[in-house]
Amino acid sequence: MARRDDYEYEYDEHSIVVTKNKQYAAGVPAVLVSLQRGMSQMGATRTAATLAKLNQRKGFDCPGCAWPETPGHRKHAEFCENGAKAVAEEATKRTVGPAFFAAHSIDDLLGRTEYWLGQQGRLTHPMVLRPGASHYEPIEWDDANRIIADELNALGSPHEAIFYTSGRTSNEAAFLYQLLIRSFGTNNMPDCSNMCHESSGSALTASIGIGKGSVSVPDIENADLILIAGQNPGTNHPRMLSTLEKARSNGARVIAINPLPEAGLLRFKDPQKVHGVIGDGAAISDDFLQIRIGGDMALFQGLAKLLVTAEDAAPGTVLDRRFIDRHTAGFDAWLDHIRRVDLGTVVDATGLTIEQLHDTAQALIESNATIICWAMGLTQQTHGVATIEEAVNLLLMRGMIGKPGAGVCPVRGHSNVQGDRTMGIWEKMPDSFLAALDTEFGITSPREHGLDAVDSIRAMRERRASVFMAMGGNFVSATPDTDVTEAALRNCSLTVQVSTKLNRSHLVHGRTALILPSLGRTDKDVQATGKQFVTVEDSMSMVHRSRGSLTPSSIHMRSEVAIVCGIAETLFGPGHPVPWTSFTADYDLIRDAISRVVPGFDGFNTKVRQKEGFGLPHPPRDSRTFQTETGKANFAVNDLVWLPVPPGRLMLQTMRSHDQYNTTIYGLDDRYRGVKGGRRVLFVNARDIEKLGYRDGDHVDLISEWKNRSGNIEERRADNFRLVAYPTPVGNAAAYYPETNPLIPLDHVADKSNTPVSKAILIRLEHRP
């Protein structure tokens, strides 16, 4: 790989080097990589100053994942390798300004990789791509706001505009963004939750009345049993490993359920401890259940069947009938259904042995405090909602909601994805929220439900929407069916991207396109009343401050709050009931308004200034109160669904490399899986490679096959992937996204949640010509 002065990172996918996959996560290599990335992007002084304030009480929140801090036990180095990479990317000294865009046309940039684009640096100036132009050119903020206002006001209906939000956006910016959108007259608010944990929210809301996890870090540390399903904490939430290590030292049993033997599910070498530097580290999992893709629903139903059988053999020893009778509904129908589950089918669906099922069931019986954690391995399935409902059923039958050390733990991805939803970024917010918003500001919020991510792409494709604005993120690379998504965005009259770094979404544009450069978490935010801070909500409903300290790369960059308010002032003109100018000047005023609109935020400004911030109410956890239609926690009855793989085919799951976070590519090495120098790899069991007539190292094209609603088979292609023999389940395969996003049909979505099914794509392989 060669490096040039303008950070042109060139590489040859044919030069990929493959070694053995790692048996542990973190350790000294993680420290060295963190320092190397920081030094190359920020320099020595900036690296030391920035990392010292990462996830500290008087510092800034990590722009990476949403894993919470351990209350009262914050370390001096409270970050992981990928957190350090995220900070290095944001706090880089490299910049992308008018001279860069003058030197690089859109066609030139379209030929670059996502990795190359991200390595160029921070966006520094507002830029516009005018109709028919080949290059972006600088534009003044007032002129950019006028283009947005004119395009929005020219629409035949507010519903012809779509407003996307990434999980990076702060609570304050998200609240104002949804306020702008609803003041304009639509609920078209797709967000990154639509692509990841929407299935969790749908399932949990129906089962326990709130779409959030019910546990805290102390709960995990004091659990008896922790099931981790469809999640890879070593790469996606590395700080979770410290919590799991503490739980195991306290006597917890940890069972990992995953198609791949991920390093972070095996051992953890904490570089801040002696045994993590010179020793073997700590085991994370007591058991590893290598489940087939899509088999988790069958596993949970099979375990429930075994627990019911054990209760029948010894009445009163397994089920928590007191909890069931007082706090649940639908138990009898569920019990009748679960008794009919066939364990032979469960074995076929999961690929596990009957002995593994019995051993896991016994662990559930012996545990007095059980937590089930999960991520996208469960949510991005056609039956993702039902699978999570079955996980909740397993907890409800044992009374494991609303007691210490027990509960549900959907592990969220981006740093404030949960907070954005709390602040109203949802196309289906309840009327109680909208009524409170209207009372506070004297507006009339639309009640018609808006469009989520998949439906937004459909609307742009069909020209029912023509203005697209994204508050952060990389919509093109985060969504499925890449060719369809790109064609849809190109149908728009205007696309607007509020961004910190260059990405492909800036290059797939409408007739007119704007890039608006925003401050990041690391940047100092000074407004008319002085230095400001913002807030975020972590994966366990804790709200805390985040305050950057670095001087922004350019005076032309604005905070997300200032960007939203500037657009609103131009769009609505003087006399609008929302005090946009005042909100820009003083973020405390935004938090005061939030305290009167959003449940649980009373006294927001006071409580968030406490040392650890504050926790939001969670009725099932706090008082075993379930705000469902029945007033109780609901057992769900679901027909068993699993994914048999036809002969000559493989079931593909998409996933991250260890050198990326969501769509941001930090580098080309997946240290944990033994891949170096490239990303177009397909991990396949060695037996499948031989059976299909290939050899390890061959290059193949991937063709997905999906039966649409008409019964016809649709095919999509992604070319030139190197086969890597890997210990996946037979019949299963794995590869990185966004390279494999073109294989996912737009209409291949989860029931109820409409989440793209990125973890179950039927593919065949073809020899490269």
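Trainee: How does helix α20 run relative to β14?

Mentor: In this predicted model, α20 (residues 384-396) lies across β14 (370-374) and β15, at about 170 degrees to β14. Angles over 145 count as roughly antiparallel, so α20 is roughly antiparallel to β14.

Trainee: What makes β12 and β15 the edges of their sheet?

Mentor: The open sheet has five strands in the order β12-β9-β8-β14-β15, with parallel pairing. β12 (287-289) and β15 (407-410) each have a single partner strand, so one side of each lacks a neighbour in the sheet. On average, neighbouring strands here are turned by 15 degrees against each other, direction ignored.

Trainee: How do you know that β8 and β9 pair?

Mentor: Pairing requires at least two bridges. Strand β8 (residues 225-229) and strand β9 (residues 253-257) have five bridges, in the parallel sense, so the requirement is met. Within this pair, alanine 229 stands opposite isoleucine 257 in β9.

Trainee: Why is α23 called oblique to α25?

Mentor: Helix α23 (residues 453-461) packs against helix α25 (residues 482-490) at about 55 degrees, with the axes 7 Å apart. Under 35 degrees would be roughly parallel, and roughly perpendicular covers 65 to 115. The angle of about 55 degrees falls in neither range, nor is it over 145, so α23 is oblique to α25. The crossing is left-handed.

Trainee: Which residues of α23 and α25 meet?

Mentor: Ile457, Met460 and Arg461 in α23 meet Val484, Thr485, Ala488 and Leu489 in α25. The residues of this contact divide into five nonpolar, one polar and one charged.

Terms used. Residues are numbered from 1 along each chain as its sequence is written. This is a predicted model: local features need pLDDT of at least 70, side-chain atom pairs count only at pLDDT 80 or more; totals for chains, interfaces and linings use all residues. Side-chain values use heavy atoms; hydrogens and water are left out. Axes are lines fitted to C-alpha atoms, for helices over the stretch in contact, and angles run from 0 to 180 degrees between N-to-C directions. Helices (H or I, at least four residues) and strands (E, at least two) are DSSP runs, numbered from the N terminus. A crossing is left-handed if the near helix is turned anticlockwise from the far one by less than a right angle, and right-handed if clockwise. Contact means heavy atoms within 4.5 Å. Ala, Val, Leu, Ile, Met, Phe, Trp, Tyr, Cys and Pro count as nonpolar, Asp, Glu, Lys and Arg as charged, and the others, Gly among them, as polar.
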